[in-house]
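Dear colleague,

Please find the structure below, for your files. A short account of what was found in it follows.

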Amino acid sequence: MGFANLTNLWTLVFPLTVVIYYLFRKRFEPKTISSTLFWDEDRREENVSPFIRNLQRNALFYLQLLALLLFVWMLLVPSIKQTQTEGIPLVFIVDSSATMLATPKDSTLFEMNQVEMKNLLESAEGRPVSIVISGKEPEIAIQNSDSRSAVQVIEGLSVQYEQNHLDTSIELVKSMYSEHGAEVHIFTDALERTALAYEGTNMSWHVHTNDQKLNNHSIVRFGANRREEGVVAIVKLQHDTEKTQPGAIQLKEADSEKVLAEETFKGEPGSEELISFKKIETNASALQVELVGTDDYSADNSSHALLATERAKVVVDDTLHELLKKAAQAIQEEVAIDNGEDFDEESILRITGSESFLDKGKRPIFLIGRDNVKPLEANGEVSVTNDPLFSIAAPKDMYVAEIYPPFADYEVLARVGKDPLIQRSPRGDIILLADLEATDWPLQPTFPLFVWSVVKSLSDDAETLGVFTPLQRKSVVMSEAADIYELSGSYLYTTESANTLQAPAIPGIYKATDGTTDKLLAVQLDSSEKSVATGDSYSTGKLTTTDVKKEQTVPVIWPFLLPLLLVLLIEWEVQRRRGYPY
Amino acid sequence: MTSFFPSSLSARLGRLSFVQHGGRLGHHKGSHVSKKTGASLEFSDFKEYHPGDDIRHIDWNVYARTDSYFIKQFLDEQEMRVHIVLDTSKSMNFEDKWKFAQQISIGLGQIALKNSDTVSISRMVSGKKQLFTRKGARQAGSWMTYISRFEQPSETTGVLEGIHTIPKGTTLLFVVTDALEPNEQLNLLFKQLSTRCRDVRVIAIRSKSELAPTYQGDIRFIDSESEKISEVTMMPSMENAYLLQQKKHQLRMMDSAAKYGIGVLMITPQTGPEDVFTIQMRRQGWIR
């Protein structure tokens, strides 16, 4: 037995008031008369016993006291801790990433999963149901609830476009239920068996996947660049189809949806295609490409890119690798080689090998190597994080021989083995912790694209907030909490603080306003969301216990409320029969 | 002492006499005309002689004229024996009830004494009976003195306990009480009284606040005899309930009195003794 609301104990004041009133009530003035024959003719039964007489005489008082005490008792919300045996908890891990919008048949995978979850709930009457929505921060939509409210939650679910991060959700569920056991259903497109390390846990896993092969043309990459002669845009397509399905790519202005150019693609099964648009005349600040064709997964059929209107001059250290200069010159007309002369630091974008520029100027720089520490030998493979910087070209197959020690507290974007390779400073500087000579990267075709990404992300930071993945949280430079608008002008939400911005879920171009400046941000699907995987549905794990003890706090209100009402009724009856207490 | 029983009232009482309802009078000769024929000087009737009649009463003049025997009948005058039972329970000692009871007792005794009848009064004092008997008009003074010296009543018993004090041969019995007893007891009392005397008259005295209580506020009433407690918050509804209870009690008392042929007179000190004797008792047909 416990109390939920001990603070309500103050209501004891009420019965105390009555007691005090009783103690200080009017005294009877004694008076001897010849006979009380006519005064108490009808109260002869009071002479039965002093106790009963007292009870009868003060009936109203006692009843009122009892009613008030019951009332106070109920305000304390008495409860009983009950240990109940229940059904095995049922846990749904719902993949709400964009790939769930794939439509192998008439409805999307997500809708199919919703139907399947409801079917499961119908046969799971009385079992506690929990629903975990996957994502970088898994959301527990409902925990240990009944199936009726679970159905309501399921009906209200929607796709979040965010990368699913199923491993995080699985770990969460494991930590919640590994002790008592649970039946976990994972609804996704595909999940490797190795993802479920179930040893030592008392849980059974049921993976519901997409077993339908999908015809999917996806826009894997889309970049646009403004040059003097016009806008250049590159679109990379991936065709996960079984048959050749030609189609078209439309380049549009993001805000007005005016079609600027259209190109066709061949759509050969399993192939990749690169389509480029050149000399496009537009003043739009953001572009959109759209894939027109037969497709079972439409979420990756459009992509957005920001066009910077003003470009900073790129200044490259002359000590750096020759291929870097070439790469810089390939992506930008205006490239200066720094031979030591002075530049206006505010208007240039510096690619340098000198750490001293990290503190100079307000604009972030691209630092390659470090000049005041010695490099160490690098071991292991290169791995990259999910940063928009790598959304076009990731340095995955790169060989790194030597690596510099990292800057403490800087964000790590890529690693060699366990050591940081690429870092980002709080100001936004991109730091490659290796000399280009110590890597084979400049020889790789992704290198110019990476340089382009770096230059673009560094220069765009001035007017745009850059590229986000759905629901991604990034630090931004805004003067106060920003209002997020769609490009069409309708208000979406306000960010919680000035420095942090969580991107909207749906891909597209958005406008963030902090009152003084408007900045654009693009939301692009994560590259992992651009292909719909297929996999087998399977079950694994074992559930040994069949009953789960659960301690539950059951409030005990009714057994006290009914006597309270009864006491009140008796009070009225006593009052009706006896009049005021005398 | 004159203030206790004014002499003017004594004078008025001298002209009154009791009306006899029961057939039986005392054994002694007295001034009250009996229904039976007797040996008084007043002629009543003639009746034919039958063997066994007293031959001394044969009217010889009538025999001489009619040659048949006629008996000359005379009215019988017999003495009336009046007894008064005075309730000495504590409840009588309330407001001016006791003084009034004394006055009524004195008055009743004087009426009897003026008519040369025997009058006696009995009461319980400290659990013992006290009887006082007087006869003859000359005794009126001592009668008044004796009763006026009665101490305050202090008995906790009812009239029923004193019923054995009633002398035998009582022709007229007065019970002076307040009748503040439960109806069951009163019924028993009336039953016992009716066996003692054929003509019983109960005088019930109720004081002003007994008849219509005028208390205010919250009062703990203590019964003077049983010391029972009754706590009352005075309200019109409570007063009405009291009056209703009193009325019920009175009606039931009247009922049981009528059953045993007992007359009951409800009086109150407010009216004064003169009014009781000259008006109320006359109206009741007790006195003429």
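**Helix α4 of chain A and the contact with chain B**

In α4(A), the buried residues are Leu109(A), Phe110(A), Met112(A), Asn113(A), Met117(A) and Leu120(A); buried means that 20 or more other C-beta atoms, placed from the backbone, lie within 10 Å of the residue's own, and exposed means 12 or fewer, with partly exposed in between. Because they cover an arc of only 155° around the axis, they lie on the same side of α4(A), the arc being that of the directions from the helix axis to the C-beta atoms. Val115(A), Asn119(A) and Glu122(A) are exposed, on the face turned away from that buried side.

This is a predicted model, in which local features need pLDDT of at least 70 and side-chain atom pairs count only at pLDDT 80 or more, while totals for chains, interfaces and linings use all residues. Residues are numbered from 1 along each chain as its sequence is written, and chains are lettered from A and ligands numbered from 1 in the order in which they are written.

The buried residues of α4(A) pack against β4 (90-94), α5 (147-155), β7 (182-187) and β8 (203-208) of chain A. Helices (H or I, at least four residues) and strands (E, at least two) are DSSP runs, numbered from the N terminus.

Between the chains, 18 residues of chain A are in contact with 25 residues of chain B, contact meaning C-beta atoms, placed from the backbone, within 7 Å. Strand β2 (residues 29-33) of chain A runs parallel to strand β8 (residues 218-223) of chain B, joined by five bridges.

Yours sincerely

How values were computed. Contact = placed C-beta atoms within 7 Å. Pairing = 2+ DSSP bridges.
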